[in-house]
Amino acid sequence: MPHFLYILYSKSSTKYYVGETHTVQERIRMHNEHEYTNSFSKIASDWELALAFECEDRYCALYLERFIKKMKSKVFIEKIIQNPEILTDILSKK
């Protein structure tokens with residue numbers, strides 16, 4: 001089953017959220033309706049999809065999610081959104 005790394009953006013908080021799922025649209029709905037009570041995404045209700053990157057499995061999606069979160073960089077996330085091939089390069093070097 002394909003899995004996705006996704007990046008959401010909230011205009012009201014000017015923040016990004018990075019996660020992984022196999023159902024992107026359902027996951028966005030869940031974030032916007034605050035179904036994840038202890039999640040960072042509860043800071044906003046206007047999350048929009050900035051990027052969905054299809055991975056071959058959940059392992060690859062989790063690897064990318066952790067890699068991006070470790071970078072702790074809004075600039076890095078914005079570079080990925082503009083050039084998703086960066087994610088392919090990251091996976092090829094793991």
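**Figure 1. Surface and overall fold of the predicted model.** The protein chain exposes about 5,800 Å². Carbon and sulfur atoms supply 52% of that area. The model is predicted. Its secondary structure comprises four helices and three strands. Along the sequence these elements run β-β-α-β-α-α-α. The radius of gyration is 13 Å, close to the 12 Å given by the globule rule for 94 residues, so the chain is as compact as a globular protein of that length. The C-alpha trace spans about 35 × 30 × 20 Å along its principal axes. Of the 94 residues, 39% count as buried. Among contacts with a separation of 6 or more, 58% join residues 24 or more positions apart. Side chains carry 14 positive and 13 negative charges, and the centres of the two sets lie 9 Å apart.

**Figure 2. The largest nonpolar core.** This core has 16 residues. Leu5, Ile7, Leu64, Ile68, Ile80 and Leu87 have the most contacts inside it. Strands S1, S2 and S3 and helices H2 (58-71), H3 and H4 (85-92) each supply at least two of its residues. H2 gives the largest share, four residues. Another core, of eight residues, lies apart from it and includes Tyr6, Leu8, Tyr17 and Ala44.

**Figure 3. Ile7 and its partners.** Residues up to four places away in sequence are not counted here. Ile7 touches Tyr16, Tyr17 and Val18. Glu48, Leu49, Ala50 and Leu51 are also among its partners. Ile77, Ile80 and Ile81 complete the list.

**Figure 4. Ile81 on helix H3.** Ile81 lies in H3 (residues 74-82). Its relative accessibility is 23%, so Ile81 counts as partly exposed; the cut-off for buried is under 20%. Beyond neighbours within four places in sequence, Ile81 is in contact with Ile7, Tyr16, Ala50 and Leu51. Ile81 and Ile7 are 74 residues apart along the chain, yet 8.1 Å separates their C-alpha atoms.

**Figure 5. Helix H1 and its packing.** H1 covers residues 24-32. Val24, Ile28, Met30, His31 and Asn32 are buried in this helix. The buried residues of H1 pack against strands S1 (3-10), S2 (15-21) and S3 (47-55). Just after H1, His34 takes a positive phi of about 60°.

**Figure 6. Tyr36 in the loop after H1.** Tyr36 lies in the loop between H1 and S3. At 26% relative accessibility, Tyr36 counts as partly exposed. Setting aside neighbours within four places in sequence, Tyr36 is in contact with Arg27, Met30, His31 and Lys42. Two of these partners, Met30 and His31, are among the buried residues of H1.

Technical notes
Residues numbered from 1 in each chain as written. Predicted model: local features only at pLDDT ≥ 70, side-chain atom pairs only at ≥ 80, totals over all residues. Heavy atoms only, no water. Buried < 20%, exposed > 50% of the residue type's maximum accessible area, 1.4 Å probe, protein only. Contact = heavy atoms within 4.5 Å. Core = buried A, V, L, I, M, F, W, Y, C linked by side-chain atoms within 4.5 Å. Rg over C-alpha atoms; globule rule 2.2 N^0.38 Å. Areas by Shrake-Rupley, 256 points an atom, 1.4 Å probe, with all protein chains shown as cover. Lys, Arg positive; Asp, Glu negative; His and termini not counted. Charge placed at Lys NZ, Arg CZ, Asp CG, Glu CD.
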